[in-house]
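Please open the model in your viewer and keep the selection panel at hand. The stops below are intended to be taken in order.

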Amino acid sequence: MCGRYTLFTPPEELETRFDATPTRPLSARYNCAPGQELPVVTNDAPEEFRFLKWGLVPSWADSESVGNDRINARAETVREKRSFADAYEARRCLVPSDGFYEWVDRGGDKQPYRVAFEDDRPFAMAGLWERWTPPTKQTGLGDFGSGGPSREQEPLETFTVVTTEPNDLVSELHHRMAVVLDPDEEETWLHGDPDEAAALLDTYPDDELTAYPVSARVNSPANDGPELIERVEA
DNA sequence: CCAGACGTTGTT
DNA sequence: GTCTGG
DNA sequence: CCAGACGTTGTT
DNA sequence: GTCTGG
């Protein structure tokens, strides 16, 4: 984990909580999924919620698909891994959330659970972001003869969520969980030096957190509505 | 030296 | 089984 | 994370 | 781009 989360806190509350303004409208989300463009607060523009695609694509990747299997980065090794080292040093971000989902394998089927604060207040997950420019395609003589410039390839900005060992509550469900930051740690995660940031990658205590079963409707990323966070019988 | 990988989760 | 899409 | 696709030739 | 493996 974490591979799915919620972000339905009203925009005004999020703007106050993170002291940032959105670059496009924030909508209530009950099923944020990898591959989607989601609001994050990056270190280089902390006054904004910027929409980045979930699934970090390293700058050197030759294909965008490299991001498919980089939706999470292990806290224990994030500084060593080539895919994340640069981003860790220079491009950390906050991933606003108000709960994340975990699936418990029950031999055959899987029961999703939602983990959140008891009062559903928003929090930040530790994230890294990256900017990737698609390789320029060789168009032969086209650029010279045709007069017009070749089509500009827009850089793609992506992010990943850092994971660590779970607390006792979440360990009942899963053996990994997202790094949840204390509000007073957020500034350091964004702007501290790498060693200071590393000290924040620990397991969030389970005080004030709760976990409860939810409908398997959350399984499909196409579903996204308040019914997804309703408690069901496990 | 060059070639090939570069990741996590979960499962066996 | 594995990759892509969301 | 899970769901859904996974392909070509040829025709409209 | 940079590291690991051979």
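The tour proceeds from the DNA to a neighbouring side chain and then to the nonpolar cores. This is a predicted model, in which local features need pLDDT of at least 70, side-chain atom pairs count only at pLDDT 80 or more, and totals for chains, interfaces and linings use all residues. Residues are numbered from 1 along each chain as its sequence is written, chains are lettered from A and ligands numbered from 1 in the order in which they are written, and side-chain values use heavy atoms, without hydrogens and water.

**DNA strand D.** Select DNA strand D together with Gly3, Arg4, Pro34, Ile71, Trp103, Lys110, Asn219 and Ser220, which surround the strand (a heavy atom within 4 Å). Of the strand D atoms that come within 4 Å of the protein, 67% belong to sugar and phosphate.

Next, display the side chains of three of these residues:
- Arg4 has an N or O atom 2.7 Å from a base oxygen of DNA strand D.
- Lys110 places an N or O atom 3.0 Å from a phosphate oxygen of DNA strand D.
- Asn219 has a polar atom 3.3 Å from a phosphate oxygen of DNA strand D.

**Asn31.** Move to strand S3 (residues 29-32), where Asn31 is found. Asn31 counts as buried because its relative accessibility is 0% (the cut-off is under 20% relative accessible area, with a 1.4 Å probe and protein chains only). The side chains of Asn31 and Arg4 are joined by a polar contact of 3.1 Å (N or O atoms within 3.5 Å, one able to donate a hydrogen and the other to accept it).

**Nonpolar cores.** Finally, select Tyr5, Phe100, Met125, Leu128, Phe159, Trp189 and Leu201, the residues with the most contacts inside the largest nonpolar core, which has 53 residues (buried nonpolar residues joined through side-chain atoms within 4.5 Å). Strand S10 (residues 123-132) supplies the largest share of this core, 6 residues. A second, separate core of 9 residues includes Tyr30, Val214, Val218 and Leu228.

Note on methods. Buried < 20%, exposed > 50% of the residue type's maximum accessible area, 1.4 Å probe, protein only. Helix = DSSP H or I, 4+ residues; strand = E, 2+ residues; numbered from the N terminus.
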